[in-house]
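The exercises that follow are meant to be worked through with the sequence and the structure side by side. Try each task before reading its solution.

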Amino acid sequence: MKFTIDKQEKYILFKLDEPRLNSLISPKLKSELILINKQGIRNIILDLSVVLYSDSSGLSSLLVGNRLCKNSEGSFIITGISEHVERLINISQLQTVLSLTPSVEEGIDLLYMEEMERDLNREAE
């Protein structure tokens, strides 16, 4: 599986450099997301701008990433999805579960907004 990781102070940008997110790639992606989360990273932006096709196992890996980040009080944001992947997410009715943005920049903005909201909620407690 080809990918790049850009580690920032508050998040990791994980770019999947594969055209297909299928049953061959999905287990490897899940493993990487679990490793990242075990290192204490709770905010992940997953850039899928290279991915043209996904199947149900690919969606499963997205849900794993989402669950890992939510369980550690973080954010999992998916950016750059293709028409095919967006259609699959909509058919599966996951557009309300997953955080989706058109670009990495918008994903970063959303992440910082969610971080500020969590900080304010902690202060209010």
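**Exercise 1.** In this predicted model, decide whether Phe3 is buried, partly exposed or exposed, and find what surrounds Phe3.

*Solution.* Begin with the relative accessibility of Phe3, which is 29%. Buried would require a value under 20% and exposed a value over 50%, so Phe3 counts as partly exposed. Next, place the residue: Phe3 belongs to strand β1, which covers residues 3-7. Then look for contacts beyond four places in sequence, where Phe3 touches Phe14, Lys15, Leu16, Asp17 and Glu32. Finally, compare sequence with space: Phe3 and Glu18 are 15 residues apart along the chain, and their C-alpha atoms are separated by 7.5 Å.

**Exercise 2.** Check whether the length of helix α2 agrees with the expected span or disagrees with it, and list what the helix packs against.

*Solution.* Helix α2 runs over residues 56-71, which makes 16 residues. The expected span is 1.5 Å times one less than the number of residues, so α2 should span 22 Å, and its end C-alpha atoms are indeed 22 Å apart. Turning to the side that is covered, the buried residues of α2 include Leu59, Leu62, Asn66 and Cys69. The buried residues of this helix pack against β3 (20-21), α1 (26-38), β4 (44-47), β5 (53-54), β6 (76-79) and α3 (83-91).

**Exercise 3.** Describe how α1 and α2 are arranged relative to each other, and say which residues meet between the two helices.

*Solution.* Two packed helices are described by the angle between their axes and the distance between the axes. For α1 and α2 the angle is about 10° and the axes lie 9 Å apart. Because angles under 35 degrees count as roughly parallel, α1 is roughly parallel to α2. On the α1 side, the residues that take part are Ser26, Leu29, Lys30, Leu33, Ile34 and Asn37, and they meet a set in α2 that includes Ser57, Val64 and Leu68. Sorted by class, this contact has six nonpolar, seven polar and one charged residues.

**Exercise 4.** Find what the phi angles of Glu73 and Gln93 are, and how exposed Glu73 and Gln93 are.

*Solution.* Start with Glu73, which follows α2 and sits in the loop between α2 and β6. Its phi is positive, about 55°, although Glu73 is not a glycine. At 48% relative accessibility, Glu73 is partly exposed. Gln93 lies in the loop between α3 and β7 (99-101), and here too a residue other than glycine has a positive phi, near 55°. With a relative accessible area of 60%, Gln93 is exposed.

**Exercise 5.** Determine whether Arg118 and Ser99 are buried or exposed, and identify the residues in contact with Arg118 and Ser99.

*Solution.* Arg118, which is part of helix α4 (residues 104-124), has a relative accessible area of 17% and is therefore buried. Its side chain is joined to that of Glu115 by a polar contact of 2.8 Å. Leaving aside residues up to four places away in sequence, Arg118 touches Arg42, Asn43, Glu73, Gly74 and Ser75; among these is Glu73, the loop residue of the previous exercise. Ser99 is placed in strand β7, and its relative accessible area of 14% makes Ser99 buried. With the same sequence neighbours left out, Ser99 touches Lys70, Phe76, Ile77, Ile78, Leu110 and Glu114.

Note on methods: Residues numbered from 1 in each chain as written. Predicted model: local features only at pLDDT ≥ 70, side-chain atom pairs only at ≥ 80, totals over all residues. Heavy atoms only, no water. Helix = DSSP H or I, 4+ residues; strand = E, 2+ residues; numbered from the N terminus. Buried < 20%, exposed > 50% of the residue type's maximum accessible area, 1.4 Å probe, protein only. Contact = heavy atoms within 4.5 Å. Polar contact = N/O pair within 3.5 Å; in protein donor to acceptor, adjacent residues only side chain to side chain. Axes fitted to C-alpha atoms, helices over the stretch in contact; angles between N-to-C directions. Parallel < 35°, antiparallel > 145°, perpendicular 65-115°, else oblique. Nonpolar A, V, L, I, M, F, W, Y, C, P; charged D, E, K, R; others polar.
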